[in-house]
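Welcome, and thanks for taking a look at this one. Please keep the sequence and the 3D view open side by side as you read.

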Amino acid sequence: MYGQFTAEDATLARFYRRHGFTIHAPGEPVILPGSSMYRDVGASPLPGEQMFSRSI
């Protein structure tokens, strides 16, 4: 699971961390690992945003 939020929003960053998400550095993409049957998939944040992710 992944998403993005405005990089300056410290309240959302704390919320996501508290719920077990990894907060990625501003501009850093999220790479979702594939398997032997499927390739890795990536997502990049929009300018001024950063990504959060968590395995489910």
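Here is a short briefing, moving from the whole chain to its sheet and then to single residues.

The model you are looking at is predicted. Its protein chain holds one helix and five strands, and three of the strands form an open sheet with antiparallel pairing. Much of what follows concerns strand 5, which is largely enclosed by the rest of the structure because four of its five residues are buried.

**The chain as a whole**

- Starting at the N terminus, the elements follow one another as β-α-β-β-β-β.
- Taken along the principal axes, the box filled by the C-alpha atoms is roughly 40 × 25 × 10 Å.
- The chain has 56 residues, and 25% of them count as buried.
- Its accessible surface is about 4,200 Å², with 56% of that belonging to carbon and sulfur atoms.
- Charged side chains come as 5 positive and 5 negative, and the centres of these two sets are 9 Å apart.
- If you take the contacts between residues at least 6 apart in sequence, 59% of them join residues at least 24 apart.

**The sheet**

- In which order do the three strands of the open sheet lie? The order is 1-5-2.
- Strand 1 (2–6) and strand 2 (22–23) are the edge strands, each pairing on one side only.
- Strand 1 runs antiparallel to strand 5, and five bridges join the two.
- Strand 2 is also antiparallel to strand 5 (residues 49–53), with two bridges between them.
- Phe52 is a good place to see both pairings: Gly3 stands opposite Phe52, and Phe52 is also the bridge partner of Ile23.
- One residue further on, Ser53 in strand 5 is the bridge partner of Thr22.

**Ser53**

- Ser53 belongs to strand 5.
- Is Ser53 buried or exposed? Its relative accessibility is 12%, so Ser53 counts as buried, the cut-off being under 20%.
- The side chain of Ser53 makes a polar contact of 2.7 Å with the side chain of His24.
- Setting aside residues up to four places away in sequence, Ser53 touches Met1, Tyr2, Phe21, Thr22, His24 and Val30.
- Pro33 lies 20 residues from Ser53 along the chain, and their C-alpha atoms are 12 Å apart.

**Gln50**

- Gln50 is another residue of strand 5.
- With a relative accessibility of 8%, Gln50 counts as buried, because buried means under 20%.
- Which backbone atom lies 2.7 Å from a polar atom of the Gln50 side chain? The backbone oxygen of His24 does.
- His24 is therefore worth a look from two sides, since its side chain has a polar contact with the side chain of Ser53, while its backbone oxygen lies 2.7 Å from a side-chain polar atom of Gln50.- Beyond its neighbours within four places in sequence, Gln50 has contacts that include Gly3, Gln4, Phe5 and Ala7.
- Ile23, His24, Ala25, Pro26 and Pro45 are also among the contacts of Gln50.

**Gly20**

- Gly20 sits in the loop between helix 1 (10–18) and strand 2.
- Gly20 has a relative accessible area of 49%, so it counts as partly exposed.
- Gly20 and Phe52 are 32 residues apart along the chain, and their C-alpha atoms are separated by 9.9 Å.

Methods
Residues numbered from 1 in each chain as written. Predicted model: local features only at pLDDT ≥ 70, side-chain atom pairs only at ≥ 80, totals over all residues. Heavy atoms only, no water. Pairing = 2+ DSSP bridges. Buried < 20%, exposed > 50% of the residue type's maximum accessible area, 1.4 Å probe, protein only. Polar contact = N/O pair within 3.5 Å; in protein donor to acceptor, adjacent residues only side chain to side chain. Contact = heavy atoms within 4.5 Å. Areas by Shrake-Rupley, 256 points an atom, 1.4 Å probe, with all protein chains shown as cover. Lys, Arg positive; Asp, Glu negative; His and termini not counted. Charge placed at Lys NZ, Arg CZ, Asp CG, Glu CD.
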